[in-house]
Structure formats: C-alpha cells, structure tokens
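Hi there,

Here is the structure I promised to pass on to you. Have a look at it first, and then read my notes below with the viewer open.

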Amino acid sequence: MNCNPNVKTYSLFVLFFVVAACLCFAQQASQIPESRRIDADELVKILESARGEKALVIDVGSHVLYSQAHIPGSEYVGPASTENGLQLLRKRVQALPRAQFIVIYCGCCPWTHCPNVKPADDALQALGFKNVKTLYIPTNFGTDWVDKGYPVAKGD
Amino acid sequence: MISPLANKKLLIGIAVLSLLSAVFLLARSRFRHTRALSGQQSIAPDFVLPGINGGAVQLSAYRGRVVLLDFWATWCEPCREETPHFVELQDKYRDQGLQILGVSMDDNAEPVREFYKQFKVNYPVVMGNARIGELYGGVLGLPIAFLIRRDGRVYVRHDGATNITTLEAEIKSALATKT
C-alpha cells in the first residue's frame, strides 16, 4: 500500500511516542495489579489483629524518610530502584517460605511516580513469592499514613 | 495508492490518539497536592547543613532575600521535572532577591553531585537528614517546597510537584514586599 509520506512520518512519530510512554510506565507502581495492592486501613487491621497471618512489612524507599516515620515493626532494606536496594531485599527474603505474607511500601512520591515499589514487587514475584502485597499510597507516606493517624515509629 | 479520504481519516485518527496521549501524560505529570502549611507565617527553622560542593550552608544567612527551600531527591521524578524550571527562576529573579536552596534527601551525596552538574543547577544544594525533615513538620514525601519571605517567615508550602505558574506568581508577590 502506498502511503502519503507525511502520514508515514507522523505515524512513526506517534509510534515512537507511544513506545516511549510504555517504557516510561513499565517501572511504575500503577503497573502493579490491583489484586496485589493493599489499602492502609486494611493493613492496619492486619497489623493490629492478634490472630491471623503475620505480615513481614518492608520499606523499600528512602532511608531519610524512613528515619522520620515508618510503620512500626517494618524493616528497612533500601530503595528498590537501585541494584543495591534490590540485592538487600532479595537477601532479606531469600530463606523465607514462598507462602510468606509480605507487604512492601515506599510512599516517597505519588503512586504514579514511585520508582521503588514496582521493582521490589517484580523481584519478589521473580523469587516465587505468592503472597505479596504493595501498600497503596496515593500521595505520599505523610499524607496517606501519618496525617491519617495510623501508627508510626521513628528512627532506624 | 491510498485514497485521499482514507488518508484524511488516518490523519484524524492519529491526531486524536496524539491528543489523548498528551492529555493523559499532562494529567499524570500534574498530579499535585497543595496543602496549607501548619504554622504558616511562622519563622522557618534555621539550620546549617553541608553543601554538596563543600562548606556549610546556613538558612539564616539568606535573611533579607526570598528563599525557595526545596526538599527533593535525585530518584524523585517530579523533582527532576521541576529542576530546570527552578534553574530558570533563579536566573530570572536573582537580582530581585530570590535565592533557591535545594535540600537533597538522598541517602548519599554522589548522585546529587552528578545531578547538579547534569542539570547545571545554579543554586546551592545541601544534604538533608531526618532531623531537618522533622524540623519542617516531616518531609514524608517529595518534593516539598517552602517559600520563605525576606523576614524569614514561611509564606507558603507546596506538597508534590509545584505548578510553576502558581509558584512564580507567589515568588513575585513575596519579592514585592519589603518584609
């Protein structure tokens, strides 16, 4: 089929734009399926419940932010957007049974911009963990957790 | 040979797709949340922090200038998007008394130095810590920016990516007052 050269050029431009957008979104939290997300109030209920499955809660974001405020009992491994952070995450969960309930969270940035939770989720999926949830934080940890009065701990 | 009508339809289709993609990306990049500062009009807490290029930077040394105190990090995408605008604002309003001061919340200074060079940052950047975060009411998400008046009082706080037009209007307003 012969095609107008202008249309061809424009089509290539749009194709490039769409591919670039897809690549950009590939590492974003919004790519995590809803079935693998957990809301803050649900997590709080689980953490406060004496019965039921115990969750291993892991912060995969910035240490400076973790030091100011984090979920009590949560462990810090490092930003999962870095190779070092991912290695620390893998090391932490390596020996755990693959059915272990794990909750990862960050809250450094709005959900659509978080660079950490998607790589962390990918890493845990790749290791075969079947019960992983990512805490859904729409804006940031301050707005969606601390300001809402959920329990908070400070320090390392 | 494709017919002119088919060509026209194809062009319209591509244009609609481009428009939808642009609107989607714009909405995404403008996800922002501005909240009133608790303690607005209060004196911005003073601090001394290490500059990424050596030396120490003290906030109160800029008393008499309007300060845009920007908490950011190299891994924070909205922060990266804002930086070129901040560089422009610093150039544009330097002579009228604007001083931008970046507080990096990165865990180490190396990527910050690289970023500083890459983006040709024209204002001081210091390394932040948990203590300064707490001093400013908790920096528990990035970016967060405080616009501080000449008298050292906080004029406004922005949580999330800042609308540059709004911010520039606020800067002009702060620069226009003597205090």
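Let me begin with chain A: of its contacts between residues at least 6 apart in sequence, 71% join residues at least 24 apart. Please keep in mind that this is a predicted model.

Chain A has 6 helices and 5 strands. If you read along the sequence, they follow the pattern α-β-α-β-α-β-α-β-α-β-α. Of the 156 residues in chain A, 38% are buried.

A good helix to pick out in this chain is α5(A), residues 117–126. Because 7 of its 10 residues are buried, α5(A) is largely enclosed by the rest of the structure. Which residues of α5(A) are the buried ones? They are Val117(A), Lys118(A), Pro119(A), Ala120(A), Asp121(A), Ala123(A) and Leu124(A). The cover over these buried residues includes α4 (83–93), β4 (102–105) and β5 (132–135) of chain A. After α5(A) comes Gly128(A), which has a positive phi near 95°.

Now over to chain B, starting with a strand. Strand β7(B) covers residues 144–148, and 5 of its 5 residues are buried, so this strand too is largely enclosed by the rest of the structure. In a regular strand, side chains alternate between the two faces of the sheet. You can follow this in β7(B): Ile144(B), Phe146(B) and Ile148(B) point one way, while Ala145(B) and Leu147(B) point the other way, and all are buried.

What does β7(B) pair with? One partner is strand β4(B), residues 66–72, which runs antiparallel to β7(B) and is joined to it by 5 bridges. Here Val67(B) sits opposite Ile148(B). Another partner is strand β8(B), residues 154–160, also antiparallel to β7(B) and also paired over 5 bridges. In that pair, Ala145(B) has His158(B) as its bridge partner. β7(B) and β8(B) form a hairpin with 5 residues between the two strands. In the turn you will find Gly152(B), with a positive phi of about 90°.

Next, try clicking on Ser104(B), which lies in strand β5(B), residues 98–104. Is Ser104(B) buried or exposed? Counting gives 27 other C-beta atoms within 10 Å, and 20 or more are enough for a residue to be called buried, so Ser104(B) is buried. Leaving aside neighbours within four places in sequence, Ser104(B) is in contact with Trp72(B), Ala73(B), Val112(B), Val125(B), Met127(B) and Gly128(B). You could also look at Ile52(B): it is 52 residues from Ser104(B) along the chain, yet their C-alpha atoms are separated by 9.1 Å.

Finally, here is a pair of helices in chain B. Helix α2(B), residues 77–93, packs against helix α5(B), residues 164–176, at an angle of about 25°, with the axes 12 Å apart. Since angles under 35 degrees count as roughly parallel, α2(B) is roughly parallel to α5(B). Their crossing is right-handed. Where do the two helices meet? His85(B), Leu89(B) and Tyr93(B) come from α2(B), and they meet Ile164(B), Glu168(B), Ile171(B) and Leu175(B) from α5(B). Sorted by type, the residues of this contact are 5 nonpolar, 1 polar and 1 charged.

Enjoy exploring, and write back with any questions!

Best wishes

Terms used. Residues numbered from 1 in each chain as written. Chains lettered and ligands numbered in written order. Predicted model: local features only at pLDDT ≥ 70, side-chain atom pairs only at ≥ 80, totals over all residues. Axes fitted to C-alpha atoms, helices over the stretch in contact; angles between N-to-C directions. Helix = DSSP H or I, 4+ residues; strand = E, 2+ residues; numbered from the N terminus. Parallel < 35°, antiparallel > 145°, perpendicular 65-115°, else oblique. Left-handed = near helix turned anticlockwise from the far one by under 90°. Contact = placed C-beta atoms within 7 Å. Nonpolar A, V, L, I, M, F, W, Y, C, P; charged D, E, K, R; others polar. Buried ≥ 20, exposed ≤ 12 C-beta atoms within 10 Å, placed from the backbone. Pairing = 2+ DSSP bridges.
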